[in-house]
Amino acid sequence: MKKAIITVVGKDVVGIIAKTSAYLAKNNINILDISQTVVQEYFNMMMIVDITSCRKSFEDVAAGLGELGQAMGLKIRCQKSEIFEKMHRV
Amino acid sequence: MINITEVLETNKMILEENLDVRTITMGISLLDCADASLKTTCDNIYAKLTTYAKDLVKTGDEIGREFGVPVVNKRISITPAAIVGSACCKKPSDFVKIAKTLDRAAKKVGVNFIGGYSAIVSKGMTKADELLIRSIPEAMAVTERICSSVNVGSTKTGINMDAVRLMGDIIKAAAERTKDRDSIGCAKIVVLCNAPDDNPFMAGAFHGVSEADAIINVGVSGPGVVNHVLKSIRGADFETLCETIKKTAFKITRVGQLVAQEASARLGVPFGIIDLSLAPTPAIGDSVADILKEIGLEHPGAPGTTAALALLNDQVKKGGVMASSYVGGLSGAFIPVSEDQGMIDAVNAGALTIEKLEAMTCVCSVGLDMIAIPGDTPATSIAGIIADEAAIGMINQKTTAVRIIPVAGKTVGDTVEFGGLLGYAPVMKVSKFSCADMISRKGRIPAPIHSFKN
């Protein structure tokens, strides 16, 4: 399984999860886990997703999510999960 | 499974605290490019570099985008050019042709530096070594992306004082040759003692003869991350301080290890080493000096600076070694002056002198780095400074280096602008007392004894 971590950071608005998951569904990306917190009115969300069956290249997905974020006034980043696993697990 | 706090912590390091992978450096052996004909040698060099490194920049950028961490520099290190050109170069200008070939190759593959316009002369100089050294001022003036280094000593061999004296003259000549650009030629020349074969950082990178045909070495960075985490434990005891630096260094280095392994797999080139470094840039918040201040100094250069730096350097290594399968290069905190805003501030405040920097180089990586001095400093005084650093390296079995810029036409109180990663620097005072009679002696300083450590 190829995993990626999607993070969404910004001012909370209606439809963040809906729009992000619609984009993922359209690209055949399965959501494995979602968690979120709100820190000082800022919305922080993390999704762990499975990109194994996605037909687009990783860079295109990341760019697409970035644009989706911009349209909502948010920062959406999509990163391969190894950077977090390597940094926080021995 | 990874949790949101950890993910946010990593991204904060990248987005707010300047965490990056400073360089992916591909070491490439040019030994098989050597030929009795200069033209054939140059053609071979160009062909090999542009084949082996053709995807280096693209791959580095791809890895950066996929993991969301900047891979700032993509670079190449080569077999010391004095060896590669020894059969075909009969005069310094022949070596300059090799330098121009390297520069063309660098531009073709898109790397911002090629290191290894070098000579390893720790015990003696071959004719080719001397020709290469004499070609350095011209080579640095007519190329953009070439870095030069000369290893003048080692713990095993002692110090080649003939090479030290020559390098004093060469640095002066390089400053004069690039005087219209604030003597920037000297910013690409470093004189080393105990130079490592696998250093990914410029200006001292070269691909030693002990290395394989090609290798991927990675230099990590992240002084901003260490500084930020130390702010959160202000006033804590030394145990907490050291543990915190160690853990942070571990995290930073793991990112480098990941990027190195990815680059190695994608390029089909074996992974060499991670250089565990805290490498500052002129960007605000990306400063080793700021860490020293956070430890509790008003400015670097204050009493206690050497102890603070020793502590920092040691913890970075302890944390980093655990995070990487192979460690090498220069591995330690860098203390360049022009590339670190906190260091520049300390010099301007009168807190930091060359003499204190020299003491600091005893306990950290690497040496007197990116220091502007008056243009009228005698070549013998520059050679004396090089000899002092080489002696520290030789006796303490560590790498030391001097990258010093005698800026033509400038004096103490002036400022020099190098631009980009090289930053800017106030011109620092050099002792006015002479060492000319010592430097004029011929020969070498013998290798030191390895017992009676006092």
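## Exercises on a predicted two-chain model

**Exercise 1.** Which residues does Ile404(B) touch, leaving aside those up to four places away in sequence?

*Solution.* Start at Ile404(B) in this predicted model. Its contacts are Ile171(B), Cys186(B), Leu368(B), Ile371(B), Ile373(B), Ile382(B) and Ile385(B). Next, place the residue in its wider setting: Ile404(B) is among the residues with the most contacts inside the largest nonpolar core, along with Val152(B), Val164(B), Met167(B), Val259(B) and Ile386(B). That core has 171 residues. Helix 9 of chain B, residues 238–267, gives the largest share of the core, 10 residues.

**Exercise 2.** What span should helix 7 of chain B have, and how far apart are its end C-alpha atoms?

*Solution.* Helix 7 of chain B covers residues 161–177, which is 17 residues. At 1.5 Å a residue, the expected span is 24 Å. The end C-alpha atoms lie 24 Å apart, so the two values agree. Now turn to burial: 13 of the 17 residues are buried, so the rest of the structure largely encloses this helix.

**Exercise 3.** How many residues of chain A are in contact with chain B, and how many of chain B with chain A?

*Solution.* The contact joins 22 residues of chain A to 18 residues of chain B. On the chain A side, helix 3 of chain A supplies the largest share, 7 residues. By residue type, that side divides into 8 nonpolar, 7 polar and 7 charged.

**Exercise 4.** What confidence scores come with the model?

*Solution.* Take the whole model to begin with: ipTM is 0.92 and pTM is 0.94. Then look at chain B, where pLDDT averages 95 and 100% of the residues score at least 70.

Key
Residues are numbered from 1 along each chain as its sequence is written. Chains are lettered from A and ligands numbered from 1 in the order in which they are written. This is a predicted model: local features need pLDDT of at least 70, side-chain atom pairs count only at pLDDT 80 or more; totals for chains, interfaces and linings use all residues. A nonpolar core is a set of buried Ala, Val, Leu, Ile, Met, Phe, Trp, Tyr and Cys residues joined through C-beta atoms within 7 Å. A residue is buried if 20 or more other C-beta atoms lie within 10 Å of its own, exposed if 12 or fewer, and partly exposed in between; C-beta atoms are placed from the backbone. Helices (H or I, at least four residues) and strands (E, at least two) are DSSP runs, numbered from the N terminus. Two residues are in contact if their C-beta atoms, placed from the backbone, lie within 7 Å. The expected span of a helix is 1.5 Å times one less than its number of residues. Ala, Val, Leu, Ile, Met, Phe, Trp, Tyr, Cys and Pro count as nonpolar, Asp, Glu, Lys and Arg as charged, and the others, Gly among them, as polar. pLDDT is the predictor's confidence in each residue, from 0 to 100.
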